[in-house]
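Please brief me on the structure below. Keep it short and grouped by topic.

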Amino acid sequence: MTIANATKRLQDYLGERFSTQPAILQQHSQDESYFPVIQPDGVTFPNDTSEVAKIVAICAEEVCPIIPWGVGTSLEGHALALEGGITMNFANMKQVLGIHSDDLCVVVQPGITREELNHELRNTGLFFPIDPGANATIGGMTATSASGTTAVKYGTMRDNVKAMEIVCADGHIIRTGNRAKKSSAGYDLNALFIGSEGTLGLITEITLKLSGIPDKIAAATCCFNDIDSAVNAVISIIQLGIPIARVELLDSIMIQGLNLWDKTFDLPELPHLFLEFHGSQLHVNEQAEETKEIIAEFGGRNFKWATHVEDRNFLWRGRHNSYYAAKALRPGCKVLTTDSCVPISKLAEAINETTQEIERSPLRGPIVGHVGDGNFHATLLIDPDSTEELEIAKQISYRINELSVRLGGTITGEHGIGAGKLDYMPLEHGSAWQTMQLIKKALDPKNIFNPGKVVQIA
């Protein structure tokens, strides 16, 4: 039983939809993380659930690792073949299987991206609101429990996935959840597989909750003299119950990078908030006016509005591309991105300590954050050829994670664990991590599903 046997059998089964071509292997050898290039032994392109199940059964018999692949936007090495094996690309499984408008839900295959899904929904008056920035696949977003800029209003993937179809480690198929609004029927397997990063099973179908497209959307930017003022303004907005849809923080260094990346922004190089309001015309106007008053109390200024679709898209294009804006500060660099989340009352403290930690190092690390839910990211820019800088970045990342746990938070609010945060799991979970290992061993006894991620199996 070997990987070589698996590749031969898969070639016989799938024909040209199994590839070992160098260009295809190279395409699946690197995601957006700082990890080096790691090529799989082959890549499969299944068309449906039955083919996924057959591929899994072959790989189980041959004890061959399987690594699920969406579009490769992960930031912690989730999609890399760390132990060799077969990458499963879901590009051929991107259909909308059913739109249930009356129940506010849709059934999709995992390979469809969030932008493709919303395009398919354009005539229904509904949309899927989770927006991690990257045009990720729904399968990848589910597997990592993604969230993003709209989480403050619409929640995360955990709040928006109602049901799934899963291929298990021996090739058999199960369903979790249903279309009902609630259930008390046994263990919550839906919650178990969301965020499991392909280590417990392969997701082949997802039922998602949808939201109504707001009558009115308004976006704005404003700047502050310091981070504390910006964060405290957001805390006041949240505590007063203003239902803001997005509120994003960009520090002065990130604004500098944004101006370099796209000179049409030309923003003052100060900490900024990017905000968005959803609702009726009346409610949006009320929310915006209340928010503007609060921001002024904390010294916020230079309020600029965007109500037209083109203007809003331009504004959010900057936030969505902050990864590339940060890289503009150091062309040719690689990025180690942290992803901590703390109680919102501790956010200013966490960001200030993180800023001081970075300033004590030789690295630059602009900060952005989904401040409405306490999630922030330091984008550490490193020389791709410097092992010393990578080690410094990892040390900073460790201390940020330690800080987050100490403040009552988590080592990852949305990016997931992958391989990049594996060493930090005991910080947050202690002996509960061993319980996760027991679950992995029970559901995937041969450790074929995405090995080397989330848990450590001897």
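**Briefing: salt bridges, pocket, a helix and single residues**

At 37% relative accessibility, Lys94 counts as partly exposed. Its salt-bridge partner is Glu116, with N and O 3.1 Å apart. This is a predicted model. The points below cover the charged pairs, the largest pocket, helix α14 and three single residues.

**Salt bridges**

- The count of salt bridges comes to 19.
- Glu116 lies in helix α4 (residues 114-120), while Lys94 lies in the loop between β4 (86-89) and β5 (96-100), so their salt bridge ties together parts that are 22 residues apart in sequence.
- Glu116 is partly exposed, at 31% relative accessibility.
- Glu165 and Arg175 form another salt bridge, with their closest N and O atoms 3.0 Å apart.
- Glu165 belongs to strand β8 (residues 161-167) and Arg175 to strand β9 (residues 173-177), so this pair ties together parts that are 10 residues apart in sequence.
- Glu165 is buried, with a relative accessible area of 9%, whereas Arg175 is exposed at 53% relative accessibility.
- Glu357 and Arg399 also meet through their side chains in a salt bridge, at 2.5 Å from N to O.
- That pair links distant parts of the chain, with Glu357 in helix α14 and Arg399 in helix α15, 42 residues apart.
- Glu357 is buried, with a relative accessible area of 14%, and Arg399 is partly exposed, with a relative accessible area of 36%.
- One network, joined by salt bridges that share partners, takes in Arg114, Glu115, Asp131, Arg246 and Glu276.
- As a general point, side chains of opposite charge can pair when their charged atoms come close.

**The largest pocket**

- The volume of the largest pocket is about 970 Å³.
- Its lining holds 45 residues, and Thr73, Ser74, Leu75, Ala134 and Ala136 lie nearest the centre.
- By type, the lining residues divide into 18 nonpolar, 23 polar and 4 charged.
- Helix α5 (138-143) is one of the elements that supply at least two lining residues each, and α5 gives the most, with 4 residues.
- The other helices that supply at least two lining residues each include α12 (309-320) and α13 (322-327).
- Strands that supply at least two lining residues each include β3 (66-69), β10 (202-209), β18 (367-370) and β19 (375-382).

**Helix α14**

- Helix α14 covers residues 347-359, which is 13 residues.
- From its first C-alpha to its last, α14 reaches 18 Å, close to the 18 Å expected at 1.5 Å a residue.
- Its buried residues are Leu347, Ala348, Ala350, Ile351, Thr354, Glu357 and Ile358.
- The cover over those buried residues includes the helices α9 (227-239) and α15 (387-406).
- Strands β13 (246-250), β18 and β19 also help to cover the buried residues of α14.
- Glu357 thus has two entries here: it is among the buried residues of α14, and its side chain meets Arg399 in a salt bridge.

**Lys327**

- Lys327 sits in helix α13.
- Lys327 is partly exposed, with a relative accessible area of 28%.
- Setting aside residues up to four places away in sequence, Lys327 touches Cys333, Val335 and Leu381.
- Ile99 is 228 residues from Lys327 in sequence, and their C-alpha atoms are 39 Å apart in space.

**Thr150**

- Thr150 is placed in the loop between α5 and α6 (151-154).
- At 2% relative accessibility, Thr150 counts as buried, because the cut-off for buried is under 20%.
- Not counting residues up to four places away in sequence, Thr150 touches Pro129, Ile130, Asp131, Gly155, Ala245 and Arg246.
- Asp131 and Arg246, both touched by Thr150, are also members of the salt-bridge network.

**Thr221**

- Thr221 is part of strand β12 (residues 216-223).
- Thr221 counts as buried, at 6% relative accessibility.
- Beyond its neighbours within four places in sequence, Thr221 is in contact with Leu273, Phe274, Asn302, Phe303, Lys304 and Leu315.
- Thr176 lies 45 residues from Thr221 in sequence and 41 Å away in space, C-alpha to C-alpha.

How values were computed. Residues numbered from 1 in each chain as written. Predicted model: local features only at pLDDT ≥ 70, side-chain atom pairs only at ≥ 80, totals over all residues. Heavy atoms only, no water. 1 Å grid on protein atoms, 1.4 Å probe; cavity = no way out; pocket = protein on both sides within 12 Å on 5 of 7 lines; lining within 4 Å. Points joined across faces, edges and corners; volume = space filled by probe spheres on them. Nonpolar A, V, L, I, M, F, W, Y, C, P; charged D, E, K, R; others polar. Buried < 20%, exposed > 50% of the residue type's maximum accessible area, 1.4 Å probe, protein only. Contact = heavy atoms within 4.5 Å. Expected span 1.5 Å × (residues − 1). Salt bridge = Lys/Arg side-chain N within 4 Å of Asp/Glu carboxyl O.
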